[in-house]
Amino acid sequence: MELIANFPFFSIILCLFSAVICSVLRGRGAKICTVVAESVLAILSFATLWYVHLLEKPVTFMMGHFPAPWGNEIRFGTLEAVMATVFSLILLCAVLGGSKFVNRDIFPQKINLYYVLINLLGAALMALIYTNDIFTGYVFLEILTLTSGGILMIREIGRTTLAATRYMILNLLGSGLFLLGIILMYDITGHLLMANMHASLKVLIAHGSYSLPLTVIVGVMCVGLAIKSGLFPFHSWMPDTYGFATPTSASILSGLVSKGYIFLLVKIMYRVIGIDQEILSVARNILFVFGLCGIVFGSVFALQQNNINRMTSYSSVAQIGYIYMGIGIGGTAGFAAAMFHILAHAITKPALFLANASLIEVSDDSPVFHDLSGAAHRNKTAGVFFTIAAMSMVGIPFFAGFTSKLLFSMASLGHNPAKTGLVLVILAISTILNTLYFIRTVIRIYTKRKGDLPRKFSMRAELPGWIAGVSLAAMNLFLGLNSRPVIELIEKGLLRFQ
Amino acid sequence: MRNLINNYEEVFAIVLFGIGFVTLLFHQNLIKKIIGLNIMDTGLYLFLASMGYIYGGDAPIYAENAGFYINPVPAGLVLTGIVVSVSVTAIMLSLSVRLYKRYGTLNLDEIYLEARNKINER
């Protein structure tokens, strides 16, 4: 049992080692190495989950030989373990599902480098989830930014390079602001470990000193991470980035990378500042308003698109808005809803992007709606995967999206009547808009054109994609049908998150 | 006002941060954007280093009859930060090279226009 306490550290170092090994392998070998590493990562994360669930308290793991105020720490409870398990499974599905398109989109001699980047990204994600040191958080945040820029720009067409430039510029602005926040916080508290920072901040806030600098710090950190995760007014990098990247990259960027930043923000809110502090409420209200704007505008923009990938990207703007809305509602219920939606969206969006790629492939490589007519008849499995994911996005019962919408509305009740009303109205509007653009697409891909026959695919090339699609759909149905244990794990984790 | 004069290093650092931030956000030329990024990061490192420096303190190396040391942690953070900003700069420069090869200009507005016009290129 003692050994399992080391697993979070193992999972970070495993990804790093796998990256090193991939760099000397050829394309196919690198892919196999990555798949094996991600599978082991999923097993390690699940074992961690099981361990902390039995232990019923979070574990603090000392990194290196120096104890708390000086050394570095990893800290994990049920919430972190749930996130790590789901994230590693999705990483695995994205790598499997998109491998066919990776071979198409990337120069053969660069494919192993692609898998190096994927592994480094996995390491950075795991470190962001587990770390208890704010500066380590910053360093891995930058590694996450660099690797996500890398998996974007490795597809060498002009628009992808342009999208990568834009993505990097906005992300670097976000990192700069976040670093400013960390530095100011360090200057005020004199610590870098989250627990020690929290202890000194508590004293400072009780005395009422440094109230202006603390407000600035909270604001700067929130804005920095909001830019990086693509909250509404800062969403301009999203459509190009997701629309032109190779499907694996689009799935990982939309499903995991932006969620990593949000998770770090929640961690800072809970563990550094303390969730019941007054200074957070202003920031949370602002995030709430922008989240609501994001939901409406993201859906409206999605409705205007004529390109299936861009439509799916704008739908991500709306979904990020949901998560920030949950953070804004506050309380354990609000945060639990936000965390559940992180999982639901992280499962649904990669399925959509992978299905999109298969549908586009049988429509003469054109993502425009007109050419997609009948695509689901030409590629039946992709049509089914798209429909399942679309139904989850709309919020039809039995799918993950429905449960998270239910959780959001339940969380909004009984706090502030104005907030309750706003949340319910916006949820209703957004459901209508989601239905409009997703059902329109589903009808479009099932409208048969003359001479649409199922294409013949080679079993060998399609099998990984099917495995990924089936597992993503199964996870989606699991979260929709049997959400209670997951919600309980999340709520338990949040209660012990501090 | 007196506070501003007493903490002139920090004030200067924040001014540098602002200059870099605005350049990175609003300038259209990619190379100038990258310069802005570096100015922004330098401002932050100056802020961090000046906060950790204690006047009259020794270098943080153990000696028999030393008085007191300056805080070594910010220096370590600055070193880490410099490594991060060097790698980010390298990636941004390589992206600029690639964009220049393809579009023949470093002005982002012109690149956007040209990319929009090429409709066939998805």
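Helix α19 of chain A gives the most to the lining of the largest cavity, with seven residues, and this cavity is a convenient place to enter the structure, which is a predicted model. The volume of the largest cavity is about 210 Å³, and it belongs to a set of seven cavities of 30 Å³ or more that the structure holds. Its lining comprises 18 residues, and those closest to the centre are A:Gly97, A:Leu354, A:Ser358, A:Gly465 and A:Trp466. Besides α19 (459-481), the elements of chain A that give two or more residues to this lining are α3 (78-105), α13 (331-361) and α16 (380-394). Sorted by class, the residues around the largest cavity are ten nonpolar, six polar and two charged.

From this enclosed space one can turn to the second largest pocket, whose volume is about 560 Å³. Sixteen residues would be a long list to follow, but of the 16 that line this pocket, A:Leu184, A:Pro213, B:Glu10, B:Phe47 and B:Met51 lie nearest its centre, and these names come from both chain A and chain B. The elements that each supply at least two residues of the lining are α6 (158-189) and α8 (211-229) on the side of chain A, together with α1 (2-6), α2 and α3 of chain B. The largest share, four residues, comes from α6 of chain A. By class, twelve of the lining residues of this pocket are nonpolar, two are polar and two are charged.

The pocket leads on to the interface of the two chains, where 36 residues of chain B are in contact with 33 residues of chain A. The size of an interface is often given as the accessible area lost when the parts come together. Here the area buried between chain B and chain A is about 3,300 Å², and carbon and sulfur atoms give 79% of it. Across this interface the rule finds three residue pairs in polar contact, both residues of each pair being at pLDDT 80 or more. On the side of chain B that touches chain A, at least two residues each are supplied by α2 (8-26), α3 (30-52), α4 (72-103) and α5 (108-117) of chain B. The largest share of that side, 14 residues, comes from α4 of chain B, and the residues of the side as a whole divide into 27 nonpolar, three polar and six charged.

One salt bridge is found across the interface of chain B and chain A. In this pair, A:Glu156 is joined to B:Arg98, with the closest N and O atoms 3.7 Å apart. Over all chains, the count by this rule comes to eleven salt bridges. Among them is a pair within chain A, in which A:Arg159 forms a salt bridge with A:Asp240, the closest N and O atoms being 3.6 Å apart. Because A:Arg159 lies in helix α6 of chain A and A:Asp240 in helix α9 (residues 238-244) of chain A, this pair ties together parts that are 81 residues apart in sequence. Helix α6 of chain A has thus been met twice, as the element that holds A:Arg159 and as the source of the largest share of the lining of the second largest pocket.

Technical notes: Residues are numbered from 1 along each chain as its sequence is written. Chains are lettered from A and ligands numbered from 1 in the order in which they are written. This is a predicted model: local features need pLDDT of at least 70, side-chain atom pairs count only at pLDDT 80 or more; totals for chains, interfaces and linings use all residues. Side-chain values use heavy atoms; hydrogens and water are left out. Contact means heavy atoms within 4.5 Å. Buried area is the accessible area (1.4 Å probe) that two parts lose on being put together, summed over both. A salt bridge is a side-chain nitrogen of Lys or Arg within 4 Å of a carboxyl oxygen of Asp or Glu. A polar contact is a pair of N or O atoms within 3.5 Å; within protein, one must be able to donate a hydrogen and the other to accept it, and residues adjacent in sequence count only if both atoms are side-chain atoms. Ala, Val, Leu, Ile, Met, Phe, Trp, Tyr, Cys and Pro count as nonpolar, Asp, Glu, Lys and Arg as charged, and the others, Gly among them, as polar. On a 1 Å grid over the protein atoms alone, a cavity is a set of points where a 1.4 Å probe fits but cannot get out, and a pocket is an open set with protein on both sides within 12 Å along at least five of seven lines; lining residues have an atom within 4 Å of a point. Grid points are joined across faces, edges and corners, and a volume is the space filled by probe spheres set on the points.
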